[in-house]
Amino acid sequence: MNLSQRHIIVTGAGAGIGLGIARQARAAGAQVTGLDVSDDGKHRLESIGAHFTQVDVRNVEAFVEAIEAASERVGRLDGLVNNAGVTIKVAFLDMTLEQMETLWQVNHRSVLVGCQCAGRILSASGRGGAIVNIASNHARATNPGHEGYAGTKGAIVAMTRAMAWSLGPCGVRVNALMPGMTQTEIVIEAMNDPANAENFRSWAADHEVSTVEEIGDAAVFLLSDASSALNGADIMADRAMSALLGVNDSRRRSHV
């Protein structure tokens with residue numbers, strides 16, 4: 001999975017899965033531009049040799065400018081990972097319009113905007129490229145309180161399929177990656193409680209919780225030529241969590 005001589009943009013790259021993807025893309029030889037709404041992750045990205053740009057993906061104009069500027073700075077663009085996202089867990093009948101709007105703008109619209117902008121650049125380059133949209137296993141198996149979140153992740157999977165045909169003729173592949181429980185900062189903190197740790201591990205067939213680097217490796221695979229046959233695919237990366245019907249009861253017991 002060699003990404004040398006390639007430039008990859010990762011959104012939401014300052015922490016969590018986004019940082020894991022940026023780290024593994026750098027390890028595979030790519031130049032990486034990490035975009036994030038907060039400058040908290042600036043030092044983390046720069047410490048792995050990535051370039052940092054602060055931008056809120058809800059600001060469409062600024063987001064597009066950030067992608068275009070990064071491409072011009074490096075002189076090329078070879079891939080985009082739409083990772084920026086938010087989770088809002090709230091009782092469905094109590095969900096506010098503001099919460100709905102936030103989920104839509106960050107999780108859904110930014111993916112459309114990012115794919116369109118990067119798609120134009122990649123198509124015009126003549127080299128093609130790859131786009132990876134980070135969805136979630138909530139796109140297939142969810143639970144009460146995640147109606148809005150699950151809807152946006154399901155939308156990512158559906159529009160990824162359509163984009164594969166829109167951009168495929170230009171040599172641009174678009175795939176979706178659907179992580180499950182992953183050791184982001186908030187999950188690691190929660191797992192300091194042995195009861196939480198055991199509960200989280202019980203959701204996976206191998207009794208493990210994925211690391212952000214493992215999800216990063218899956219994203220690197222989809223960005224690389226090793227996955228050249230994959231276009232319009234939705235890859236479940238949740239250690240079989242969503243394959244078990246009883247997992248719904250485990251999720252209800254979660255303290256996170």
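What span should the 15 residues of α3 have at 1.5 Å a residue, and how far apart are its end C-alpha atoms? The views below come from a predicted model.

**View 1. The span of helix α3 (60-74).** The expected span of α3 is 21 Å. Its end C-alpha atoms lie 22 Å apart, which agrees. Gly75 follows α3. The phi of Gly75 is positive, near 95 degrees.

**View 2. The two sides of α3.** Phe63, Ala66, Ile67, Ala70 and Ser71 are the buried residues of α3. Down the helix axis they fall within an arc of 125 degrees, so they line one face of α3. Glu61 and Glu72 are exposed, on the face turned away from the buried side. The buried residues of α3 pack against α4 and four strands: β1 (7-11), β2 (31-36), β3 (51-54) and β4 (79-82).

**View 3. The largest nonpolar core.** This core has 29 residues. Ile9, Leu35, Ile67 and Ile131 touch the most other members. At least two core residues come from each of α3, α4 (97-125), α5 (147-167) and β6 (172-179). The largest share, seven residues, is supplied by α4. Another core, of 28 residues, lies apart from this one. Its members include Ile8, Val132, Val212 and Ala237. In soluble globular proteins, nonpolar side chains tend to be buried together.

**View 4. The surroundings of Leu35.** Neighbours within four places in sequence are left aside here. Leu35 is in contact with Ile9, Val10, Thr11, Gly12 and Ala13. Thr53 and Val55 also contact Leu35. So do Phe63, Ala66 and Ile67, which are among the buried residues of α3.

Definitions and conventions. Residues are numbered from 1 along each chain as its sequence is written. This is a predicted model: local features need pLDDT of at least 70, side-chain atom pairs count only at pLDDT 80 or more; totals for chains, interfaces and linings use all residues. Side-chain values use heavy atoms; hydrogens and water are left out. A nonpolar core is a set of buried Ala, Val, Leu, Ile, Met, Phe, Trp, Tyr and Cys residues joined through side-chain atoms within 4.5 Å. Buried means under 20% relative accessible area, exposed over 50%, partly exposed in between (1.4 Å probe, protein chains only). Contact means heavy atoms within 4.5 Å. The expected span of a helix is 1.5 Å times one less than its number of residues. The arc is that of the directions from the helix axis to the C-beta atoms.
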